[in-house]
Amino acid sequence: MGTSLRGLGGFQQQYREAVHRMGEFLAYRVMRQWLRSDWIFSLTSKGKEQKKMLKILHGFTKRIIAERKLYHDRTNGQYLKSFDNDTSAKRDDAEPVGMRRKRLAMLDLLIAASRDGLMTDSDIQEEVDLFMFAGHDTTAMGLCYILALLAEHNDIQDRVRNEVNTALQENEQKYTMKLLQNLPYLERCIKEALRLYPSVFFISRIPAEDVKLLHRDPNFWSNPEVFDPDRFLPEKIRHRHPYSYLPFSAGPRNCIGQRFAILEMKAMIASLIHNFYLEPIDYLKNLQMQVDLVLRPAKPLRVKFIPVCKTNASFETQISI
């Protein structure tokens, strides 16, 4: 969004907790038909708590929008003007990831649209709420399961590490957009992890007939319980039914941020795999899920991170994900 969250401290923690609670409220209401009425739900204790959580969520996004607007006011909107001239909006794929350069974030584009009278402040808040809420826990949960799977499959983990290391050697040890877009095996690992453990495990549609769990249906996937990234080789997906794989839904209402989500996960995993060996502490076969908006483990899923660098070989970290 173009705004740093580092200085928000406890407010940021409140936002994370509110996101989790909103997911729990949704799952709670879905299982109870009588609570689908907003009026009835508002009279319950959970309905009153949801009102408090919504106040935190909306307060968080309003603050982000206000800070970004203030930034553009103080700079006389010069970066929004440069967007009109089509200069800052261009991106060099060879530019290192993380290099600080004035470039418009999505929120900047919304603010520019509002200055042209194309959007109201309420419209901006709705878009920011959507991207903050939908892109927060989903990507984080996807990373959890991918790292856990790689920790349990050393051969696949080593192949990912070799691919990342080779790409870095060819790119002067710099992470760039071009590098991230050219990690085909890592991308196949991410897609296979999302097949087994999709971050959002349900789609709100009314089916015309009974359907199975598509991602584990043996009619589409041989040995469906096995983690096999090569299922997503081009020659194997060419004739596969397009609706047999739906981690981001499908059709005109699919996830608008799916390419960005894949890119985020590639950036995180590439750096971690380059610097650490992963070993499992908790195993996915013993995993218990809890009912929530996302596919969330009921208990922490722990992975051990062991530095690749020989000078730090004695240092080990256990992280709950």
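**Chatting through a predicted model**

Student: Let's jump straight in. Where is Asp 217?
Tutor: Asp 217 lies in the loop between H10 and H11. Keep in mind that this is a predicted model.

Student: Is Asp 217 buried or exposed?
Tutor: Asp 217 is buried, since its relative accessible area is 6% and the cut-off for buried is under 20%.

Student: And what does the side chain of Asp 217 reach?
Tutor: That side chain gets to the backbone nitrogen of Asn 219, at 2.9 Å.

Student: OK, zooming out. How many helices and strands are in the chain?
Tutor: You'll find twelve helices and five strands.

Student: What share of the residues is buried?
Tutor: The chain has 321 residues, and 39% of them are buried.

Student: What about the surface, how much of it belongs to carbon and sulfur atoms?
Tutor: Carbon and sulfur atoms account for 53% of the accessible surface, and the whole surface of the chain is about 19500 Å².

Student: Contacts next. Taking those between residues at least 6 apart in sequence, what fraction joins residues at least 24 apart?
Tutor: For that set, 69% of the contacts join residues at least 24 apart.

Student: Got a concrete case? Which residues is Leu 143 in contact with, leaving aside its neighbours within four places in sequence?
Tutor: With those neighbours set aside, Leu 143 touches Met 265, Met 268 and Ile 269. Leu 143 itself belongs to helix H7, which covers residues 137-152. There's also a C-alpha distance to look at: Leu 143 and Glu 264 are 121 residues apart along the chain, and their C-alpha atoms are separated by 9.5 Å.

Student: Why does Leu 143 count as buried?
Tutor: Because its relative accessible area is 14%, and buried means under 20%.

Student: Switching to charges. How many salt bridges does the count come to?
Tutor: The count is 17 salt bridges.

Student: Let's take Glu 187. Which residue does Glu 187 form a salt bridge with?
Tutor: Its partner is Lys 266, with the closest N and O atoms 3.0 Å apart. That pair links distant parts of the chain, as Glu 187 is in helix H10 (residues 184-196) and Lys 266 is in helix H12 (residues 258-275), 79 residues apart.

Student: How do the two ends compare for exposure? Is Lys 266 buried or exposed?
Tutor: Lys 266 is buried, at 3% relative accessibility. Glu 187 is partly exposed, with a relative accessible area of 24%.

Student: Next one along, then. What does Arg 188 pair with?
Tutor: Arg 188 meets Asp 230 in a salt bridge, 3.2 Å from N to O. Here too, distant parts of the chain are linked: Arg 188 is in helix H10, Asp 230 is in the loop between H10 and helix H11 (234-237), and they are 42 residues apart. Arg 188 is buried, with 12% relative accessibility.

Student: And what about Arg 195, which residue is its salt-bridge partner?
Tutor: That would be Glu 192, with 2.8 Å between the closest N and O atoms. The two are three residues apart in helix H10, so about one helical turn separates them. Both Arg 195 and Glu 192 are buried.

Student: Which residues do salt bridges with shared partners join into one network?
Tutor: Arg 21, Glu 24 and Glu 49 are joined that way.

Student: Last topic, cysteines. How many disulfides does a search of the whole structure find?
Tutor: Zero disulfides turn up. As for individual cysteines, Cys 144 is buried at 8% relative accessibility, and Cys 189 is buried with a relative accessible area of 1%.

How values were computed
Residues are numbered from 1 along each chain as its sequence is written. This is a predicted model: local features need pLDDT of at least 70, side-chain atom pairs count only at pLDDT 80 or more; totals for chains, interfaces and linings use all residues. Side-chain values use heavy atoms; hydrogens and water are left out. Helices (H or I, at least four residues) and strands (E, at least two) are DSSP runs, numbered from the N terminus. Buried means under 20% relative accessible area, exposed over 50%, partly exposed in between (1.4 Å probe, protein chains only). Contact means heavy atoms within 4.5 Å. Accessible areas come from the Shrake-Rupley method with a 1.4 Å probe; for residues, only the protein chains shown count as cover. A salt bridge is a side-chain nitrogen of Lys or Arg within 4 Å of a carboxyl oxygen of Asp or Glu. A polar contact is a pair of N or O atoms within 3.5 Å; within protein, one must be able to donate a hydrogen and the other to accept it, and residues adjacent in sequence count only if both atoms are side-chain atoms. A disulfide is a pair of cysteine sulfur atoms within 2.5 Å.
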